[in-house]
Amino acid sequence: MKQVKSKKTTLSNRLSVAISTIVALVFCLAAIVNYRVVSQKAYQQLNTKTDEYLATLSHSLELPLWVLDNNLIQAIALSYLQNDLIVSIRITETDGQTEIFSRKKGSSGNLIQRTAPIIYQGKPLGKIYLSLSGRSLQQQLNDLLNFSLATTILTITALFFFTGLVLRYLLRQPLLALQNGISRLAAGNYSEELSVDVAELQPIAMAFTQMAHQIEEREQESQQIAEASWEAILILEQERLLHANEQFLEIFNFHIEQLTGTSTLPRIIAPNYHDEVKSKIASNDLAPFETVGMTADGQEFPIEIRSRLLDQKGKTLQMIAIRDLRERKHLEDLMIQSEKMISVGGLAAGMAHEINNPLAGILQNAQVINNRLKPDMNKNKQVAEKTGIDLTRLNAYMEERGIHNMLENIRSSGQRAARIVDNILSFSRKSESLLLPTDILALIDESIHLAESDYDLKKRFDFRKIEIIKETDPELPLVPCDPSQIQQVLLNLLKNGAHAMASANTKAPRFIIRSAKDNHWIRLEIEDNGPGMPEETRRRIFEPFFTTKKVGEGTGLGLSVSYFIITQTHHGELTVRSGPHGTLFTIHLPLTQKES
């Protein structure tokens, strides 16, 4: 592209123009102020003269008007018109319409007009109208203004010329000295100490000197910037580590001494992905890509890599930025979990409604069969006698063959299926619960009492033998919630924990129940000392119909319904953390609920 040369001006010329402009503005302002003051004073004097002329003329006309001497009136008026300032005189009777005398001369522009009555011995005789011209006064003011402008222009011209000469002399020498020093710095002489004998230019010289000293420190500053990045940044030369920031060492759990000068990629990339990562870095593709990293202790985790090749003094360097994706993957899992629960909820609702009808028929018919086999019902006796059947012997046969137990199993299985359908519907339909201010500590105590009273040998545990430790805040405020639903959640968590501890034969099973105020939330924690759960189970724990229990012991809906109650109905949070020494469920309930 062709460079266009621009016309340059010297600093002395710019300063001359600036000073001259300021002086011109001051002169103009002074001239304007002077003009306004003089003009105001002149017009005040003109108004005063007008009033004086009007008073003397009125007094001179009193006697002629009394005796109606028109000749004398005319003579007095004409004598006043000889004055250059007076341009018109009009004398009328008291009505202001009947003229006695009227005469006008010259231009009618820029007039000062006055009116006064003519009174003699307290009796009004007429009116006088007097007009004075400010034309001559205006001409004098214009001459004054022109003179001021001419003086200003001459002063500014002379000032511009002389200031230009003075400034050129004062600035040229120190600026040339400064320019020569900067040229030496640009040539690489960083030890140059710039110094000028002009105080205003000395800070500039010092700034250039300091800049030259800081050039050698730029590499260290770049390193500090890299250290401040929240991404892991490393620079390699043929896979050997030259530099790594603190974030890299923290993410991969290495010490810099462990990697310096070694082949780094095989130690931070999972073995199955090393060749692929090496190929993508060598291709200099700037697009980010996901792969699997590996910490110093061999733990694999998801990462995102961006890289580029740098040419530095003939050497090819690899600059790599690595982002830890563990948190993002965790959030993605939560989103997938929520979407999965929404879709399964819709499917479950349709299935529940379809199952309800035949299920009602099964339960009703099982009950009818049971009733129609009872020997003490009159209708049954009548039909049995009519058909020649002995109901007592028939019931004995059915008892012997276990048919009554089969009918009872049909009924109990149907009722269990009905409870499952009810849970499905409560999971899928939008809640219409009434949220009331509730004492959450009292609700916890009541839930523990209900869990202790729900003793069942088939469940192989006795809740009353589990130690309960409560670490609660007695000053907790009331929480807006549906007490029955929150109690259902607490019971689900307590029973699941009790079942897990019983299944693992946990010695000295224990629950720790905590409650505290956390800003605008109430936090509830239920922790057991059971066997915990694998990561895969923990990720799916809130999915509908997912259960680790044996067939017939669980439906897989308890925790999913609990999750729905907390997150959807109460706009709260339900999370789980598990390890080899127990599981911790955490509930967050807001202290203020949104309007539906």
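How do the residues of the lining of the largest cavity divide into nonpolar, polar and charged? I looked this up before anything else. They divide into 6 nonpolar, 1 polar and no charged. For this split, Ala, Val, Leu, Ile, Met, Phe, Trp, Tyr, Cys and Pro count as nonpolar, Asp, Glu, Lys and Arg as charged, and the others, Gly among them, as polar.

**Ground rules**

I am reading a predicted model, in which local features need pLDDT of at least 70 and side-chain atom pairs count only at pLDDT 80 or more, while totals for chains, interfaces and linings use all residues. Residues are numbered from 1 along each chain as its sequence is written, and side-chain values use heavy atoms, with hydrogens and water left out.

**Confidence**

I checked pLDDT, the predictor's confidence in each residue, from 0 to 100. The chain averages 78, and 79% of the residues score at least 70. Residues 1–6 fall below 50, and this stretch has 0 contacts beyond near neighbours in sequence. Contact means heavy atoms within 4.5 Å. Where pLDDT is low, the predicted coordinates should not be read in detail.

**Cavity**

I counted 1 cavity of 30 Å³ or more. A cavity here is a set of points on a 1 Å grid over the protein atoms alone, where a 1.4 Å probe fits but cannot get out; lining residues have an atom within 4 Å of a point. Grid points are joined across faces, edges and corners, and a volume is the space filled by probe spheres set on the points. The largest cavity comes to about 50 Å³. I listed its lining as Ile444, Ser447, Ile448, Leu490, Leu494, Ile513 and Ile526. Helices α15 and α16 (483–503) each supply at least two of these residues. The largest share, 3 residues, comes from α15. Helices (H or I, at least four residues) and strands (E, at least two) are DSSP runs, numbered from the N terminus.

**Salt bridges**

I found 16 salt bridges in the structure. The rule is a side-chain nitrogen of Lys or Arg within 4 Å of a carboxyl oxygen of Asp or Glu.

Lys470 pairs with Asp445 at 2.6 Å, N to O. Lys470 lies in strand β11 (residues 467–471) and Asp445 in helix α15 (residues 440–453), so the pair ties together parts 25 residues apart in sequence. Lys470 is partly exposed at 44% relative accessibility, and Asp445 is partly exposed at 35%. Buried means under 20% relative accessible area, exposed over 50%, partly exposed in between (1.4 Å probe, protein chains only).

I also noted a network: shared salt-bridge partners join Glu471, Arg514, Asp518, Arg523, Glu525 and Glu527.

Lys280 meets Glu276 at 3.5 Å, N to O. They sit 4 residues apart in helix α10 (residues 274–282), so about one helical turn separates them. Lys280 is partly exposed at 31%, as is Glu276 at 38%.

Asp324 bridges to Arg326, with the closest N and O atoms 2.7 Å apart. Asp324 is partly exposed at 27%, and Arg326 is partly exposed at 32%.

**Positive phi**

Most residues other than glycine have a negative phi. I marked two exceptions. Leu68 has a positive phi of about 55 degrees. Leu68 lies in the loop between α2 (62–67) and α3 (70–81), and it is exposed at 63%. Asn284 has a phi near 60 degrees. Asn284 lies in the loop between α10 and β7 (289–294), and it is partly exposed at 33%.

Notes. 1 Å grid on protein atoms, 1.4 Å probe; cavity = no way out; pocket = protein on both sides within 12 Å on 5 of 7 lines; lining within 4 Å.
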